Each structure stands twice: as structure tokens, then as C-alpha cells.
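Reader: I am new to this structure. Please take me through one part of it closely, namely the salt bridges, and set them in the whole chain.

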Amino acid sequence: MTQTALITGGTGLLGRDVVKEFKRRGWNVVGTGLSRADPPSIVKLDLLNSEEIENTLDDVKPDVVVHCAANRSPDSCTSNPDLARSLNATSTSHIARLCHARSILLLYISTDYVFSGRKGEAPYKPDSATSPPNVYGATKLEGEQEVLKEAPAAEGRGLGVVLRVPVLYGSVSGDDDPSVGAVNVLVPAVWKAQEQTVKTDHYAVRYPTATEDVARVCFDVSTLYLQKLEEGKAKELPTILQFSAEQKMTKYEMCEVLGEILGLPTDGLERHDPSLKDKEGQGTARPYDCHLDTGVLKELGISLQTVDFAAWWRRELRATR
């Protein structure tokens, strides 16, 4: 019998690739969107409305929900913490409660920003102490707590799973916001630097990871956990997982790679340390290094393979250099 997946945020940078991956593997897939809904493949869903969430779950009847939708902008979350909490935590609580009541596997996409990122602490294991440096990380951690709190109440410990990932990049569509993705936005920054000076973060250490790789992991985790649930062995499974590429670079170094691919000089990029501004109480605090330990996924037999950063961007930008 063909299984069904419901992907929240199905029109977003990550959600699109998750939808594609499950479809490629022969599943029935329904994504959700708000302003870019396109039924029947992408249904309209206001995640701030618990009644709409309930109706969607009852209409689609998924075996698994991959909850990708979130406010992923740290600056936006800082500017409007109430809205960030509503989407990242409160709506996640509703989804978790409704999924667990229906014995639906819920895979919640979280972030490395649940950790402080202070120098000398990384890499972080799933059970390392959390200490979010900003509103974004705090609200995503609250979402994690809601997912894990609801699972035991439904007497199905394996029904709620958290997957933490780092900064992501992926293919954009024509109607995407030009600023979509903390990595994708660096391409126009390199072009802008041909005409003026562009300050670029050369402080925070990041591990940019392709959405297509995260999508594959989402599928592999979902199939494994559904199998264990069917066998009655879900209690053996960990409920917090972490996935990350291992290429280590700052945003400035990412821009250098992109500049080389595009055949553009990067003289117009200025190395910038945003942590100095954060210490003055201005702006959104950023962690230094939130490197995620992926050992638990490896122990489960989930592939940790990731695409090379430069190779992916050469393909995406159709460069021949």
C-alpha cells in the first residue's frame, strides 16, 4: 500500500526538496503553503489556525508529517518575537498534539541555533546542553520540547522525532523572495560587491548543507521509524537526531567560493565581525560555532553523504570554470 507524507512549508527552500524526494521514492505527497498554495499538490494551510491543521490532517491522512515550515530568519524573529513563537512553537505544539492523537509520525525540522555556539564547546551531541543565543533558537527549542512532550502522552515515544540541521542552501524558484536562504543570498551579494563594498561575516563558522541531502535524510528517517513502529520497536529509537555537512567556512569564505565559480573578483567584500555589534547589545546575537555531531544518525544506518559545496553551486549556476 502506497504511503502518504504531508510536508509543511512545501513551497519553501527545504520543503520543496522534501516533497520531491518523497515523490521520487513513490509516495503520495501533499505539501502545504499559504500564499503559494497550488492544490491538490500544495494545499493552503494557515499554521496559526489549529482547526485548519486538524482538518488538513483528517483530509490527507498522512503516515508521516515532515514539519519544515518555520520563521527561519533570526533578525525577523528578534524583531517580532511573538509572531516567531506563534509559528515556531505554538503551531508546532498543535501539530504534535494532533499527530500523536492520530498515531502519525512527526518529523520536526529544528536548528543548530538551539546551542550557544560559544568557542570551544562544539561539536554538540543531541543530548548536549542547549542554550539558544537568540529568539530564533529559543522558539525552535520550544518547538522541540512540544514535539517530545506530546509523544509520551500519546503512548508512542517513536511518534515524535526532532532533526536538527545547520544553515541550508538549495535551488530557488522564480517566485521566491530574493533573500531566501542565508547562503543563497550570498550570490547577489557577490554581484553587489562588484559595484560597492559589502560587509560579510567572517566570524561565525558555518557548515552549509544542501537541502537535497536533508530531504534524503528526512525520507530515510521516516521509513526507518515507520518500520520500527510497525514492528513495535519504536521505543528503541532516539528522538533527537542531527545532520550536517562537514565543510567548515564563514560566509566570507563561501562568497570567495561563489566568486571563483562566477568568475568575479571579491575585492569588494569586506571581512566583518558581527559579534562586536552583538556585544554592544545591538542586532541579533549569532553563535560562533554550532557544529552538530551526527553520530546517532550513523549508528542508525542513515547515510551521512553530502554534496560538495563548490560542486553543487557550479551545477546550480551552470558554471564551467
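**Salt bridges in their setting**

Author: First, a caution: this is a predicted model. Start with the whole chain. Residues 24 or more positions apart account for 78% of its contacts with a separation of 6 or more. The chain has eleven helices and eleven strands. Its radius of gyration is 19 Å, which agrees with the value near 20 Å for a compact globule of 321 residues. Along the principal axes, the C-alpha atoms fill a box of roughly 55 × 40 × 35 Å. Of the 321 residues, 52% are buried. The exposed surface comes to about 14500 Å², with 47% of it from carbon and sulfur atoms.

Now the charges. The chain carries 37 positive and 45 negative ones. The mean positions of these two sets are 2 Å apart. The salt bridges number 15. Three of them follow.

Take E21 and R25. Their closest N and O atoms are 2.9 Å apart. E21 is buried, because its relative accessible area of 8% is under the 20% cut-off. R25 is partly exposed, at 32%.

Next come D58 and R102. Here the side chains meet at 2.7 Å, N to O. This pair links distant parts of the chain, 44 residues apart. D58 sits in helix α2, residues 50-60. R102 lies in the loop between α4 (81-101) and β5 (105-111). D58 is partly exposed, with a relative accessible area of 34%. R102 is partly exposed too, at 27%.

The third pair is E146 with K149. The closest N and O atoms are 3.1 Å apart. Both residues lie in helix α5, which covers residues 135-153. They are three residues apart, about one turn of the helix. E146 counts as buried because its relative accessible area is 19%, and the cut-off is under 20%.

Some bridges also share partners. In this way E21, R24, R25 and D220 are joined into one network. So E21 and R25, met above as a pair, belong to that network.

One more residue deserves a look: T211. It is in helix α7, residues 211-231. T211 is buried, with a relative accessible area of 1%. Leaving out residues up to four places away in sequence, T211 touches L13, L14, D17, L168, Y169 and G170.

Definitions and conventions. Residues are numbered from 1 along each chain as its sequence is written. This is a predicted model: local features need pLDDT of at least 70, side-chain atom pairs count only at pLDDT 80 or more; totals for chains, interfaces and linings use all residues. Side-chain values use heavy atoms; hydrogens and water are left out. Helices (H or I, at least four residues) and strands (E, at least two) are DSSP runs, numbered from the N terminus. The radius of gyration is taken over C-alpha atoms; the globule rule is 2.2 Å times the number of residues to the power 0.38. Buried means under 20% relative accessible area, exposed over 50%, partly exposed in between (1.4 Å probe, protein chains only). Contact means heavy atoms within 4.5 Å. Accessible areas come from the Shrake-Rupley method with a 1.4 Å probe; for residues, only the protein chains shown count as cover. Lys and Arg count as positive and Asp and Glu as negative; His and the chain ends are not counted. The place of a charge is taken as NZ of Lys, CZ of Arg, CG of Asp or CD of Glu. A salt bridge is a side-chain nitrogen of Lys or Arg within 4 Å of a carboxyl oxygen of Asp or Glu.
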